[in-house]
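The turns below ask what lies behind some of the terms used for this complex, setting each value against the criterion that applies to it.

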Amino acid sequence: MSETPVTASQAEQRIRAMVDSIPKGRVATYGQIAEEAGLPRRARLVGRVLGGLPPRTKLPWHRVVNAAGRISQRPGGILEQRRRLKREGVVLDRRGKIDLTLYRWKPDWDA
DNA sequence: TATATGACGACGA
DNA sequence: ATCGTCGCCATAT
């Protein structure tokens with residue numbers, strides 16, 4: 001059985017779906033989303049897709065952080081994302097870091 | 001065709 | 001923990 005290469009639009013769709021499934025109060029990393037979407041080592045693509053989201057999107061883009069548990073530099077500034085996360089109860093330490101051992105979402109969990 | 005640049009990440013020093 | 005380097009790959013120039 002072979003894996004048919006994923007088209008760009010399919011990749012985007014999968015990525016959006018994964019992001020949409022992150023529960024409130026939990027976070028996932030770019031690399032994690034890529035992996036779960038069947039796109040290993042494509043973390044940057046995840047960032048690109050999020051960057052292309054319309055400003056009013058309902059997608060919980062703020063629940064995606066980098067592998068260090070920090071908010072990546074992004075157009076519009078990191079404040080909005082930090083605000084949204086805090087509102088959901090995600091704690092950031094004084095340096096703005098999130099404890100992934102506590103808040104990282106494991107997809108197979110809730111099942 | 002070649003280089004540069006990113007909402008990234010793994011690794012070694 | 002921080003930093004530089006390299007891998008990754010879609011786009012832009």
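Q: What makes the approach of glycine 51 to a base nitrogen of DNA strand B a polar contact?
A: In this predicted model, a backbone N or O atom of glycine 51 lies 3.2 Å from a base nitrogen of DNA strand B. A polar contact is a pair of N or O atoms within 3.5 Å, so the pair formed by glycine 51 and the base nitrogen qualifies.

Q: How do you know that the side chains of arginine 44 and arginine 74 also make polar contacts with DNA strand B?
A: A polar side-chain atom of arginine 44 lies 2.6 Å from a base nitrogen of DNA strand B, and a polar side-chain atom of arginine 74 lies 3.4 Å from a base nitrogen of that strand. Both values are within 3.5 Å, and therefore both pairs count as polar contacts.

Q: Why are arginine 42 and lysine 97 said to make polar contacts with phosphate oxygens of DNA strand C?
A: For arginine 42, a polar side-chain atom lies 3.2 Å from a phosphate oxygen of DNA strand C, while for lysine 97 an N or O atom of the side chain is 3.3 Å from a phosphate oxygen of this strand. Because the limit for such a pair is 3.5 Å, each of the two is a polar contact.

Q: What makes the contact of arginine 48 with DNA strand C a polar one?
A: The partner here is a sugar or linking oxygen of DNA strand C, which is 3.0 Å from an N or O atom in the side chain of arginine 48. That value is within 3.5 Å, so the pair meets the criterion.

Q: Why do the residues near DNA strand C divide into no nonpolar, no polar and five charged?
A: DNA strand C is surrounded by Arg42, Arg44, Arg48, Arg95 and Lys97. Arg and Lys count as charged, so the division has five charged residues and none of the other kinds.

Q: How much of DNA strand B and of DNA strand C within 4 Å of the protein belongs to sugar or phosphate?
A: For DNA strand B, 46% of the atoms within 4 Å of the protein belong to sugar or phosphate and the rest to bases. For DNA strand C the share of sugar or phosphate is 78%, with bases again making up the rest.

Q: Which helix gives the most to the surface near DNA strand B?
A: Helix 3 gives the most, with five residues.

Methods:
Residues are numbered from 1 along each chain as its sequence is written. Chains are lettered from A and ligands numbered from 1 in the order in which they are written. This is a predicted model: local features need pLDDT of at least 70, side-chain atom pairs count only at pLDDT 80 or more; totals for chains, interfaces and linings use all residues. Side-chain values use heavy atoms; hydrogens and water are left out. A residue is near a molecule or strand if one of its heavy atoms lies within 4 Å of it. A polar contact is a pair of N or O atoms within 3.5 Å; within protein, one must be able to donate a hydrogen and the other to accept it, and residues adjacent in sequence count only if both atoms are side-chain atoms. Helices (H or I, at least four residues) and strands (E, at least two) are DSSP runs, numbered from the N terminus.
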